[in-house]
Amino acid sequence: MSGIVVPVDGLAERVSPPVNGSERESLRGHLDFHRATLLAKCAGLTTEQLRTKSSPPSALSLLGLVRHMAEVERAWFRRTFAGEEIGLAWSPEGDFQVAYDAARADAGEAFAVWQAEVAHARRIEAAAASLDETAWSPRWEAEVSLRAIMLHLIHDYARHNGHADLLREGVDGAVGV
C-alpha cells in the first residue's frame, strides 16, 4: 500500500476525555484519546512517509510506532489480562523490537492489526466486572489490576505520542493535533 492511509473503524475521531466521569470512564476516555492522537499523527500520510525514520541512529518511524502499539495492546489486554496464549503479531520469537522495523512493513496491515487489537482490548476491558480484577504479569512478576494495565497503556501512548509529534513534524512540518 503506497497511497494515502485512510483511518477506519471510528478511531479517527478524537474526543476529549471526560473531566468529571467515573474512574473507569476517565481511564477509558484517556486511553481512547491517546489512541486517536496516534492515528491523527499518521492521518493523510503515504506509506513511505509513515516509514520515514527519525534522526540517525534511531530507526523509529510513525509506522513502527503503530506496529509497536498493536503489540502493546495485544500483550497487555489479550496475553496478560485475558490469558490468551497467542504470540506477537510480528515476531514469533517474542521480540518486541521487531515491530519497530517498518522498512518493508505494509501500512494497511499495520493499521488493520492495530485496530483489531484496540477492538479486542475494548471488549476485554468492557467485559471485566471491575478495575480491581487482576491477572499475572510475567513481565512485572506480579498480579496486575485492569486499572494498572489501563494506566500503563495511557502512559505508553502518551510517551510515544510525543515521539509521534516530532516524527510527523519531520515528515511534512505538520505540528499540533
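## Exercises on helix packing and salt bridges

H1 and H3 run roughly antiparallel to each other. Keep in mind as you work that this is a predicted model.

**Exercise 1.** Work out which angle puts H1 and H3 in the roughly antiparallel class, and which residues form their contact.

*Solution.* Start with the axes: those of H1 (residues 23–42) and H3 (residues 62–81) come within 10 Å and cross at roughly 155°. Angles over 145 degrees count as roughly antiparallel, and therefore H1 and H3 are given that description. Next, take the hand of the crossing, which is left-handed as H1 passes H3. Now look at the side facing H3: Leu31, Arg35, Leu38, Lys41 and Cys42 are the H1 residues in the contact. Their partners in H3 are Leu62, Leu65, Val66, Met69, Glu73 and Phe77. Sorted by class, this H1–H3 contact holds eight nonpolar and three charged residues, with no polar ones.

**Exercise 2.** Find the salt bridge that Glu73 makes with Arg35, and decide whether each of the two residues is buried or exposed.

*Solution.* First, check the distance: the side chains of Glu73 and Arg35 meet with N and O 2.8 Å apart. Then place the partners. Glu73 belongs to helix H3 and Arg35 to helix H1, so their pairing ties together parts 38 residues apart in sequence. For burial, the cut-off is under 20% relative accessible area. Glu73 has 0% and so counts as buried; Arg35, with 3%, is buried too.

**Exercise 3.** Set the Arg51–Glu48 salt bridge beside the one between Arg78 and Glu117, and say where each lies in the chain.

*Solution.* Begin with Arg51 and Glu48, whose side chains meet at 2.5 Å, N to O. Both sit in helix H2 (residues 47–51), and being three residues apart, they are separated by about one helical turn. Glu48 is partly exposed, at 49% relative accessibility.

Move on to Arg78 and Glu117, where the closest N and O atoms are 2.9 Å apart. This pair links distant parts of the chain, as Arg78 is in helix H3 and Glu117 in helix H4, 39 residues apart. Arg78 and Glu117 are both buried. A further step is to follow shared partners: salt bridges join Asp32, Arg35, Glu73 and Arg122 into one network.

**Exercise 4.** Locate Ile86 and list its contacts beyond four places in sequence.

*Solution.* Ile86 lies in the loop between H3 and helix H4 (107–127). Its relative accessible area is 24%, so Ile86 is partly exposed. Setting aside neighbours within four places in sequence, Ile86 contacts Arg74, Arg78 and Arg79. Finally, take Arg74: twelve residues separate Ile86 from Arg74 in sequence, and their C-alpha atoms are 8.8 Å apart.

Notes. Residues numbered from 1 in each chain as written. Predicted model: local features only at pLDDT ≥ 70, side-chain atom pairs only at ≥ 80, totals over all residues. Heavy atoms only, no water. Axes fitted to C-alpha atoms, helices over the stretch in contact; angles between N-to-C directions. Helix = DSSP H or I, 4+ residues; strand = E, 2+ residues; numbered from the N terminus. Parallel < 35°, antiparallel > 145°, perpendicular 65-115°, else oblique. Left-handed = near helix turned anticlockwise from the far one by under 90°. Contact = heavy atoms within 4.5 Å. Nonpolar A, V, L, I, M, F, W, Y, C, P; charged D, E, K, R; others polar. Buried < 20%, exposed > 50% of the residue type's maximum accessible area, 1.4 Å probe, protein only. Salt bridge = Lys/Arg side-chain N within 4 Å of Asp/Glu carboxyl O.
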